[in-house]
Amino acid sequence: MKGFAMLKIGATGWVEKEIPQCGPMDAICRPIALAPCTSDIHTVWAGAIGDRKDMILGHEAVGEVVEVGSLVRDFKAGDRVLVSAITPDWNSLQAQNGYAMHSGGMLAGWKFSNFKDGVFSEYFHVNDADGNLAHLPEGMDLGAACMLSDMVPTGFHGAELADIDFGDNVAVIGIGPVGLMSVAAAAIRGAANIYAVGSRKICADLALEFGATDIINYRQGNIVDQIMEKTHGEGVDKVIVAGGDNDTFARAMTILKPGGIIGNVNYLGEGESISIPRVQWGCGMGHKTLRGGLMPGGRRRSQMLARLIQTGRIHPERLITHTFHGLEGVEQALMLMKDKPRDLIKPLVLID
Ligand code: NDP
Ligand code: ZN
């Protein structure tokens with residue numbers, strides 16, 4: 001089979017590999033929709049998880065099951081499925097401890113395009129198929145379904161990590177596809193003011209439709225000044241970080257009220273450390289919490305979030321600004337994600 005791979009840090013290309021083997025609890029799928037992720041960019045061009053040789057990229061897919069193992073109960077060949085980007089081992093101790101995404105070690109529930117070949121391929125392997133696949137709901141838009149792999153669950157995890165409560169004033173730093181879903185999640189959880197930080201107009205417009213009350217353009221002034229002014233010097237109750245650089249935490253800590261929480265889902269691709277400003281952290285006594293997390297994966301989460309699409313509460317298909325056809329399209333889609341033209345939110349590849 002052919003797949004589009006990271007050849008080494010900084011280099012991508014097409015590779016030929018054997019079709020993966022199906023273990024007793026596994027499934028082999030072929031993709032019917034795919035999307036590249038900003039994480040693929042960090043992985044290849046920043047070398048954020050270290051070097052990989054000829055590793056097939058991609059972790060966002062809708063698939064069709066081609067084969068299942070003898071112990072798989074709920075899926076069979078021909079089923080169309082939602083595929084979670086994070087595919088934990090659900091019988092691991094880490095999963096029993098509530099952190100399935102770290103099953104097998106820190107971040108090790110993230111297997112596609114990290115510990116094994118990803119989904120930008122004619123076929124891909126899914127471990128623990130009953131735990132990690134979900135049936136594609138009848139009639140669901142394939143773009144929306146593909147966003148259930150990663151963009152929706154990650155954006156929503158930002159809101160979970162920040163523990164958004166009704167009435168909270170919230171800043172969402174970064175409104176690419178992930179941050180836009182965090183805006184939607186914060187609105188659903190009852191946030192009052194949502195200050196959405198970004199500069200691409202197309203993202204700002206969608207943020208307002210998804211529930212943001214104010215757009216803060218970080219290129220037109222310091223976000224701390226802009227948000228402090230809007231909150232009359234009070235700051236915000238919660239911050240979701242879905243973009244920015246290593247200095248973003250200093251800004252987030254500064255705009256956060258005592259007792260507040262920062263929920264980070266941004267993948268810090270570069271640098272040795274981040275700095276937290278001492279005084280703004282209350283000299284260590286400000287009750288300001290910083291949490292960061294890999295999104296939880298798995299079937300139940302896919303099903304719960306799919307309901308929000310089915311009931312019209314969220315519209316992740318609106319993230320898709322560019323559509324390609326055929327597996328070959330992943331190469332161009334990935335390069336778009338790398339270059340981030342200003343009319344891009346998220347590309348989609350349909351395997352017709
Ligand atoms: P994008 O690059 O599309 O969006 C990033 C956002 O951050 C944009 O709105 C951008 O603004 C904004 N931004 C950039 N620099 C700054 C800055 N200095 N200050 C404030 N805002 C800034 O990324 P995605 O939405 O695709 O992904 C977001 C992050 O989430 C990535 O790091 C990705 O790897 C990570 N991720 C994490 C996952 C997890 O499980 N935790 C899973 C999936 C992704 P603009 O472009 O408008 O100028
Ligand atoms: Zn991703």
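Helices, meaning DSSP runs of H or I with at least four residues, and strands, meaning DSSP runs of E with at least two, are numbered from the N terminus throughout this talk. With that convention, N193 sits in the loop between helix 6 (177–188) and strand 10 (194–197), and I will come back to that residue after some background.

What you see is a predicted model, in which local features need pLDDT of at least 70 and side-chain atom pairs count only at pLDDT 80 or more, while totals for chains, interfaces and linings use all residues. Residues are numbered from 1 along each chain as its sequence is written, chains are lettered from A and ligands numbered from 1 in the order in which they are written, and side-chain values use heavy atoms, with hydrogens and water left out.

Let me begin with the whole protein. Its secondary structure comes to 11 helices and 16 strands. The radius of gyration, taken over C-alpha atoms, is 20 Å, close to the 20 Å that the globule rule (2.2 Å times the number of residues to the power 0.38) gives for 352 residues, so the protein is as compact as a globular protein of that length. Along the principal axes, the C-alpha atoms fill a box of roughly 60 × 40 × 40 Å. Buried residues, those under 20% relative accessible area with a 1.4 Å probe and protein chains only, make up 57% of the 352 residues; over 50% is called exposed, and in between is partly exposed. If we take contact to mean heavy atoms within 4.5 Å, then residues 24 or more positions apart account for 72% of the contacts with a separation of 6 or more.

Now to the metal. Which residues coordinate the zinc ion (ligand 2)? The ion is held by C37 through SG, H59 through NE2 and D150 through OD, at 1.8 to 2.2 Å, where donors are N, O and S atoms within 2.8 Å of the metal (3.2 Å for Na, K and Ca), and the site may look incomplete because water is not among the atoms. Along the chain, the donors follow the spacing C-x21-H-x90-D. H59 lies in the loop between strand 4 (55–56) and strand 5 (60–68), and D150 in the loop between helix 4 (142–147) and helix 5 (151–161), so the pair ties together parts that are 91 residues apart in sequence. Both are buried, H59 with a relative accessible area of 3% and D150 with 8%.

Returning to N193, is this residue buried or exposed? At 29% relative accessibility, N193 counts as partly exposed. Leaving aside neighbours within four places in sequence, N193 is in contact with D168, N169, V170, T213 and D214, and its C-alpha atom is separated by 7.2 Å from that of D168, 25 residues apart along the chain.

D237, in strand 12 (residues 236–241), counts as buried at 18% relative accessibility. Not counting residues up to four places away in sequence, D237 touches G167, D168, N169, L256, K257, G260 and I261.

Finally, a point of backbone geometry. Most residues other than glycine have a negative phi. C283, however, has a positive phi of about 50 degrees although it is not a glycine, and H287 likewise has a positive phi of about 50 degrees. C283 lies in the loop between strand 13 (256–264) and strand 14 (289–292), as does H287; C283 is partly exposed, with a relative accessible area of 43%, whereas H287 counts as exposed at 66%.
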